[in-house]
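I opened this entry to record what I looked up on enclosed cavities and aromatic contacts. The structure is shown first.

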Amino acid sequence: MSAKILLAEDNATNRYLETFLLEKAGYTVIHALNGAEAFRLALAARPDLVLMDLQMPEMDGYESARRIHAEPQLAGTPIVAVTSFAMTRDREKALQLGFAGYIEKPIQPHTFVAEISQFITGKAAST
Amino acid sequence: MIGPCALCSPSVGSGPFVAASLLAQVDDGTPTLSLIAFTLMGLLMAAVVIVSAWRWRRDWTRTRIREQWLATMLRSIDDGVIATDAAGRVTFMNHVAQELTGWKEDEALQKPLVKVFQTLDRQARQPTENPIDLVVREGRTTTSIEPVLLVARDGAEHAVLRRAAPIRGAGGQVTGVVFVFQDVTQRELAESALRASQEMFRLITDHISDLIAVLDLEGRRLYTSESHGQLLSPPRELYLTSIFEEIHPDDREGIRSLFTEIVFTGAGHRAEFRMIGRSGQVFNIESVMTVIPNKNAKAEKMLMVSRDISDRRRAEQRLRSEKEFSDTLINSMPGIFYLYDARRKILRWNKNLETVTGYSAQEIDTLDPLTYFPDDEKPVVHERMLQCFTTGSADIEVNLLAKDGRRTPFYVTGFRLEVDGRPCMLGIGIDISARRRAETALRETLDNLEIKVAERTRDLAAANERLQELDQLKSEFLATMSHELRTPLNSIIGFTGILRQELPGALNDEQKKQLGMVQSSARHLLGLINDLLDLSRIESRKMELFVEEFAVSDLINEIAQTLAPQVEQKQLRLETSIDQPGLRMRTDRKKCFQILLNLANNAVKFTDTGRVTLRVSTDATDVTFQVQDTGIGIKPENLTHLFEAFRQVDGSARRVYEGTGLGLYLSKQLASMLGGSISVESEIGSGSRFTLTLPQDPSPANHHP
């Protein structure tokens, strides 16, 4: 069974781009269009990794991540920020709030999957 | 007054002298008549005898009467009388002579005069010449001018004046001498006392400054004191001139009638008038005139005691002008003036005090000075008044309270001074309303100014805040924009990468080439966005440092790898060197990388042939990075503007060399943030050398944990 990645991204084009790369690499990708949805899907689907855009409508990535981490059954789920926030503060803030990683947009297609994979433990992407 | 006539010598007993002569004739005449009676005889004898007897009887009776009369007279006079015969033997002494000589007449008779009447010269105390010889010889009367001392039988002495006269017989021959002498001892004493008294009087009048004159009732001078003579008519004009002639014509008649009145009424009077002195100068005279009465209490003379009061008059005049001056001064001064004694009794004030306070002179004369001050200011005024009396002066700014309640601000200065030996306080006050108004106006102006300044400051602060807000907005806008721009760029760069990786499917060469162009443009656009983002961070001071320790060689390799595609494409050589192979440093690695990449990227960009050298050297504290190229170089005039924002050296170069014009500006700012610096040397046509110097370890202040 391939690793399951919850991708929270409000921008459809970017969602498609990342999904394309991840699925090409053999991961199962579930989409959430905002933070609240990401929280619900995380509870429901128990993903192996959450890729979280920080700026989203309704509930932003920070809040969503806080809620996910607040759920005991989701406590071990790694969350990686994928964001076009480029301020140093954002990276620090995210790491402090318990994000496992921080990937700046624009993503590099040839290294993106490799970067992602190191946060997924136990399960490998099916090829 | 007693005139010199009082000193006239009295005649020494002329009366008794004649009587003594008659007595001598009587003694002598009796035998002569007897002889005639014996000689005449005859018919007429009886008649003659009868007649003679009758006549003798008559004469004898007469003689007896005369003798008794003489004896009585000689007894009753106060002068001593002694008669002698021609040989100088005593023939008679009256009782005064007996008392003075101490000889009884019966004892002295027939004794030589010199034994009975012993006289000594007063000064020499030698016996005086016996005057009998002289009188007998020359037959004339001698008189002693000076008293001689009569030494009595018992040794008592009396000063006597004596006179000796010859006694002549019927034939005129001198038959004896009669001495008449007078005891002048008492009189001499009296005269001496009188002389002393007169001398003293003269001394007093001559040395007294008052002018003393004794006038007759016509005003003629009978006596003047020395001082009088010096000032007015000299003594030689006594009895000649009337004092009225010397009185100033304007005063003359007045004084003359006063004089008459005094004579008439006998009452003394004081008068002031002017006199004209010996040299024509005018004197102010104060004179007291008193009548000197005679024995009958009738006015006989006038005593006039005068005093030259010209100096006093002049002093009074000076005092008057002085007073007038000070009155004018204090009344014309613009402020108020007053003089109090220590018991707060007002002594003097000026008109202004009445004007300012509204009290009348009568009121001011009785009011306490504290009345002129409001109740709340009285204590401090009182305290200053005491201070003035203690220290000599005091001043105060105070409101003057007028009778109608009006207040006027005054500046009052007090001085202590002595008036008639009593400590007093002189106060001078000036109205400071105008100054107060000016001060108030000034204060208001200042207050207004302060308000205006405060307003302006507020405005500026608000403007500044607004600017900061705008700046913040700008920075936020830039951050948002960069974020918003990155989102589509993410797609562009992402999909381009995916396509070039041929993940969706195979591409032909032309497609690959064009997708490369898209990717290159997208990357350039990303660079621009990143630069702008950095610029906004720097300008809003939001750039933060992330200090970490790293190996310099890794950094250099990374740059070489990043630039490798371009270097290879332009067929250049990139050479790197590090003087210490294991060199590590602590700084913000990412920013250091950014600077060096920018410098190296520029070097590659502006070099067409040759090489780019990246050289690292160290000293005790710094690490120096040199990026040298063999490119086109930079004109000297452009070197100064090289590190300014939005400048690319040659405007025309834009078409050939891509860039935002922000690279060197950002590099310089970043280097500065890291505590280092960038410099450049260049030569047109042969290349440039940029030098970045950074501290090997930033100071603790810049140290990020």
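My notes on cavities come before those on aromatic rings.

Cavities. I worked on a predicted model. I counted two cavities of 30 Å³ or more. For the largest cavity I noted a volume of about 120 Å³. Its lining takes two or more residues from each of helix H13 (378-391), strand S15 (393-401) and strand S16 (407-419) of chain B. I found nine nonpolar, one polar and two charged residues in that lining; among the lining residues are Arg384(B), Asp395(B) and Gly414(B).

The second largest cavity has a volume of about 30 Å³. Its lining includes His228(B), Met275(B) and Ser306(B), and strands S8 (211-216) and S12 (299-308) of chain B each give two or more residues to it. I recorded six nonpolar, two polar and no charged residues there.

Aromatic rings. Over all chains I counted nine aromatic pairs. I looked up Phe201(B) and Tyr223(B): the centres are 5.9 Å apart and the planes lie at 40°, so I entered the pair as tilted. Phe201(B) belongs to helix H7 and Tyr223(B) to strand S9, 22 residues apart. Phe201(B) is partly exposed at 34% relative accessible area, whereas Tyr223(B) is buried at 11%.

I then took Phe244(B) and Phe259(B), whose ring centres are 5.1 Å apart with planes at 85°, so this pair is edge-to-face. Both residues are buried. Arg256(B) lies over the face of Phe244(B), 4.8 Å from the ring centre.

In chain A, I noted the charged end of Lys93(A) over the ring of Tyr62(A), 4.2 Å from its centre. I also recorded one aromatic cluster formed by Phe117(B), Phe179(B) and Phe181(B).

Terms used: Residues numbered from 1 in each chain as written. Chains lettered and ligands numbered in written order. Predicted model: local features only at pLDDT ≥ 70, side-chain atom pairs only at ≥ 80, totals over all residues. Heavy atoms only, no water. 1 Å grid on protein atoms, 1.4 Å probe; cavity = no way out; pocket = protein on both sides within 12 Å on 5 of 7 lines; lining within 4 Å. Points joined across faces, edges and corners; volume = space filled by probe spheres on them. Helix = DSSP H or I, 4+ residues; strand = E, 2+ residues; numbered from the N terminus. Nonpolar A, V, L, I, M, F, W, Y, C, P; charged D, E, K, R; others polar. Phe/Tyr/Trp six-rings, centres within 6.5 Å; stacked < 30°, edge-to-face > 60°. Buried < 20%, exposed > 50% of the residue type's maximum accessible area, 1.4 Å probe, protein only. Lys NZ or Arg CZ within 6 Å of the ring centre and 35° of its normal.
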